[in-house]
Amino acid sequence: MASTADFKNGLCLEMNNDIYTIVEFQHVKPGKGAAFVRTKLKGLKSGKTLDKTFNAGEKVTTARVEKRPHQFLYKDDLGYHFMDSNTFEQIAIQESLLERPELMKEGQMVDILVHDETETPLSVELPPFVELMITYTEPGIKGDTATNTLKPATLETGAEVMVPLFVDQDTLIKVDTRDGSYSERVK
């Protein structure tokens, strides 16, 4: 059990036969009336987000979850296959539990959120940034860095991101996995 004072981003709660993680929260103390906490929750089993308001000091049931390092091996008809870095056990996970599967390449290290009591995987978290090679993009113009114009580029995993005009084919770039956008070139 935890109270609303213990809320932080990433805290997992058990509600409505699902496990929710706190994406955002805000403590509100209006001039009139009691204080409350406004939250945005994401269901780890269903994938749905919902807005919920808790009274200040309200008790909630927390879920015991654990982040375990895994390595992405391959994808087939059964799903995405990962290997536990500690025990070398392999598990297959459906695409619905992955945030941005198009940004994963073989050998990529990820964290899998596992429910402690049932040992079921809840979600797969990529690192904040991944380095990927551009396999195809239109040729850029040297010195064209004055404008913020973007062009599409296809990555080695098949994903498509928008990159600045000066980025060429066979360039290693850093991609932000939270929104799937170009971050910078890798030197």
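Trainee: How many helices and strands does the protein chain have?
Mentor: The protein chain has 0 helices and 16 strands, taken as DSSP runs numbered from the N terminus (helices H or I, at least four residues; strands E, at least two). This is a predicted model, where local features need pLDDT of at least 70, side-chain atom pairs count only at pLDDT 80 or more, and totals for chains, interfaces and linings use all residues. Residues are numbered from 1 along each chain as its sequence is written, and side-chain values use heavy atoms, with hydrogens and water left out.

Trainee: Why is the protein chain called more spread out than a compact globule?
Mentor: Its radius of gyration is 21 Å, well over the 16 Å that the globule rule gives for 187 residues, so the chain is more spread out than a compact globule. The radius is taken over C-alpha atoms, and the rule is 2.2 Å times the number of residues to the power 0.38.

Trainee: And what does the C-alpha trace span?
Mentor: About 60 × 50 × 25 Å along its principal axes.

Trainee: Switching topic, which residues touch the most other members of the largest nonpolar core?
Mentor: Leu103, Ile134, Leu155, Val163, Ile173 and Val175, out of 13 residues. Such a core is a set of buried Ala, Val, Leu, Ile, Met, Phe, Trp, Tyr and Cys residues joined through side-chain atoms within 4.5 Å; buried means under 20% relative accessible area (1.4 Å probe, protein chains only).

Trainee: Which strand gives the largest share of this core?
Mentor: S12, with 3 residues.

Trainee: Is there a second core, or what else should I look at?
Mentor: A second, separate core of 12 residues includes Tyr80, Phe82, Ile93 and Leu97.

Methods
Buried < 20%, exposed > 50% of the residue type's maximum accessible area, 1.4 Å probe, protein only.
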